[in-house]
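Could you walk me through this protein model, starting from one aromatic residue and working outwards to the strands, sheets and cores? A friendly tour in plain paragraphs would be ideal.

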Amino acid sequence: MSCLIGITADGVPLFVRSYHGMPQPPFPAIGSLSGVHMYGLNNGFVLKGVSVEHGCVGWKLFHQKVLLIVAFDREQKPEAMLQFLLDQVFDAIVLTIGVNEILLCKTTERLKRSLRSAYRLVDALFSHDPRSVGPMTGACECLPELRDAAVLQEYLGAFLCAAESNYGAVAVRGLLAVASEGWWSLSHSERMTISLLVRTLGPCSAQDIPIYLPQASPTVPHRLLTLRLARDVEVWMLCGPKPLLHEVEHDLLATHLNASISVALNYGAATPAPFNVPQPGRIDDGVLGYLLVNRVVGKSLGGVRLVADPQGEGANEPFATADDVWRALRAFSERCMVVVFGCPFRDATSGASSGAEAAGSVGSGEGVAAPATATRGQAERSLAAGHAALSDPHANGFPANGHIPLETYAVNKGYKTFGLQKGNYELYALFSNRVPVFALRGLAHDTLTQLASSDVSSF
């Protein structure tokens with residue numbers, strides 16, 4: 001159970017969102033949470049998080065204007081995870097209404113009304129949908145890049161060129177299949193939040209949505225166009241005032257992308273849900289679920305399956321459905337990210353929406369501001385900085401000895417799990433109980449090799 005509270009810097013409540021059966025806190029409790037943070041500021045320290053016997057609370061003040069508070073009941077999360085979640089919440093708010101609406105709003109009542117449009121996206125960050133791992137990893141969810149990806153990429157490039165935009169992607173089942181270089185230049189947080197926004201809006205033949213980019217352009221709105229090519233296949237594009245939606249839908253789409261529908265459908269068929277990899281037989285049958293994350297690129301790939309048992313003795317126990325496998329895999333992955341490997345850390349450009357504002361326009365022509373983006377070296381330094389944070393005993397409970405865990409495993413009732421870090425990758429795998437403990441490490445490394453091999457994925 002959890003609760004999210006928004007308060008102005010001078011203590012006026014803006015909103016309260018309760019999740020998973022947690023009762024809404026009374027006004028005196030909200031006032032106390034705000035007051036203890038204000039007391040800290042007045043005495044020269046910043047209160048970021050606190051753990052109590054039955055839960056935890058996190059605070060973060062953005063632009064000296066809005067204080068966000070998150071509280072969990074019967075759950076313990078470290079300070080770094082609470083701050084990471086609050087950053088995501090604020091990014092979702094900025095993406096929906098822009099940072100100027102927060103900084104320049106003259107009345108509290110107007111700000112309250114504006115914030116209502118962000119509720120759906122903010123609520124999605126607290127969703128218990130076991131298949132939605134983007135908010136947990138901070139990376140956009142993708143499909144493997146197959147050989148047909150080059151063909152699909154060419155169609156997308158021609159479409160974006162005609163639309164005079166550098167920012168576009170093709171999604172299959174809500175998972176990114178291919179994207180332009182401009183799309184990948186967006187920050188990890190922006191890509192993940194846009195994907196989550198499209199998912200919360202539901203299927204539609206065409207949509208034109210005004211959004212802000214929390215890091216690249218939090219003050220200047222842009223248009224997010226989503227166009228449905230076929231069932232489970234969509235095109236996403238960021239652009240300026242032009243082209244108009246009906247021009248894209250009736251002219252550009254028919255000219256440049258209709259021929260790609262069969263390629264996109266074959267792409268989806270080659271990576272069948274819910275395991276989401278080609279040739280699933282190449283992955284050992286003992287692997288019931290996996291989650292692969294590339295922190296430098298900001299991509300994640302995950303899937304689960306229930307395997308047939310030739311002996312008819314129920315190899316999938318204790319899992320009745322694929323969602324059950326996802327829940328167990330998510331629980332293990334989150335524990336590893338928070339306790340073992342360190343909280344998911346944002347890329348070098350993230351967090352800009354909570355600091356200095358930037359202005360720009362996405363599209364082509366004069367006045368275009370290139371989005372702030374991290375080089376590979378910057379991203380790797382950010383990765384190293386995140387690893388260094390593991391030595392902070394107050395953040396994750398590790399002794400300050402500088403050692404970085406690389407692998408971990410757990411034996412549970414009915415299944416086993418294994419997590420590892422190798423290079424840019426993090427892999428979390430869930431195994432059938434039939435797999436012996438001594439084989440977990442070898443199978444996990446084999447799975448990583450298969451998933452990250454050049455002929456399966458560009459991870």
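Phe319 counts as buried, because its relative accessible area is 9%, and buried here means under 20%. Bear in mind as you look around that this is a predicted model. The ring of Phe319 has a partner in Tyr415, which is also buried, at 16% relative accessibility. How should we describe the geometry of two such rings? A pair of aromatic rings is described by the distance of the centres and the angle of the planes. For Phe319 and Tyr415 the centres are 5.2 Å apart and the planes stand at 45 degrees, so the pair is tilted. Phe319 sits in the loop between β13 (299-304) and α12 (322-340), whereas Tyr415 belongs to strand β15 (residues 415-422). The pair therefore links distant parts of the chain, 96 residues apart.

Strand β15 leads us straight into a sheet. Which strands make up this open sheet, and in what order? There are six of them, arranged as β6-β13-β12-β16-β15-β14 with mixed pairing. At the edges are β6 (140-141) and β14 (407-412), each of which pairs on one side only. As background, strands of a sheet pair through backbone hydrogen bonds, either parallel or antiparallel. Inside the sheet, strand β12 (residues 287-294) and strand β16 (residues 425-432) pair in the antiparallel sense, with seven bridges between them. To find one of these bridges on screen, look for Asn294, whose bridge partner in β16 is Tyr425. Also worth a look is an aromatic cluster formed by Phe332, Phe341 and Tyr428.

Now for another part of the structure, around strand β11. Is strand β11 (residues 233-239) enclosed or open? Seven of its seven residues are buried, so β11 is largely enclosed by the rest of the structure. Val233, Val235, Met237 and Cys239 point one way from the strand, while Glu234, Trp236 and Leu238 point the other way, and all are buried. Strand β7 (residues 167-172) runs antiparallel to β11 and is joined to it by six bridges; here Tyr167 stands opposite Leu238. Strand β10 (residues 217-230) also runs antiparallel to β11, with seven bridges joining the two, and Leu227 has Val235 as its bridge partner in β11. The hairpin of β10 and β11 has two residues between the strands, and in this hairpin Asp232 takes a positive phi near 70 degrees.

Where do the nonpolar side chains gather? The largest nonpolar core has 53 residues, and Phe126, Trp183 and Leu224 touch the most other members. Helix α2 (residues 79-97) gives the most to this core, contributing ten residues. Apart from it lies another core, of 29 residues, with Val172, Val233, Cys239 and Leu257 among its members. Two of those names, Val233 and Cys239, are already familiar from strand β11.

Phe126 deserves a closer look. Leaving aside residues up to four places away in sequence, Phe126 touches Ser2, Leu4, Tyr19, His20, Val70, Phe72, Leu85 and Val89. Across the structure the count of aromatic pairs is eight. In the pair of Tyr19 and Phe126, the ring centres are 4.5 Å apart and the planes are at 5 degrees, so these rings are stacked. Tyr19 lies in strand β2 (residues 13-19) and Phe126 in the loop between α5 (119-125) and α6 (134-137), so the pair ties together parts that are 107 residues apart in sequence. Both Tyr19 and Phe126 are buried.

Charged side chains meet rings as well. Arg17 lies over the face of Tyr119, at 4.3 Å from the ring centre. Likewise, Arg305 lies over the face of Phe275, at 4.2 Å from the ring centre.

What about the cysteines? Cys3 counts as buried at 2% relative accessibility, and Cys105 is buried too, with a relative accessible area of 19%. The structure holds zero disulfides.

Finally, step back to the whole chain. The protein chain has 15 helices and 16 strands, and 55% of its 459 residues count as buried. Among contacts between residues at least 6 apart in sequence, 63% join residues at least 24 apart. The ring pairs of Phe319 with Tyr415 and of Tyr19 with Phe126 give you two places to see parts brought together that are 96 residues apart and 107 residues apart.

How values were computed: Residues are numbered from 1 along each chain as its sequence is written. This is a predicted model: local features need pLDDT of at least 70, side-chain atom pairs count only at pLDDT 80 or more; totals for chains, interfaces and linings use all residues. Side-chain values use heavy atoms; hydrogens and water are left out. Buried means under 20% relative accessible area, exposed over 50%, partly exposed in between (1.4 Å probe, protein chains only). Helices (H or I, at least four residues) and strands (E, at least two) are DSSP runs, numbered from the N terminus. Two strands pair if DSSP finds at least two bridges between them. A disulfide is a pair of cysteine sulfur atoms within 2.5 Å. A nonpolar core is a set of buried Ala, Val, Leu, Ile, Met, Phe, Trp, Tyr and Cys residues joined through side-chain atoms within 4.5 Å. Contact means heavy atoms within 4.5 Å. Rings of Phe, Tyr and Trp (its six-membered ring) pair if their centres lie within 6.5 Å; planes under 30 degrees apart count as stacked, over 60 as edge-to-face and the rest as tilted. A charge sits over a ring if NZ of Lys or CZ of Arg is within 6 Å of the ring centre and within 35 degrees of the ring normal.
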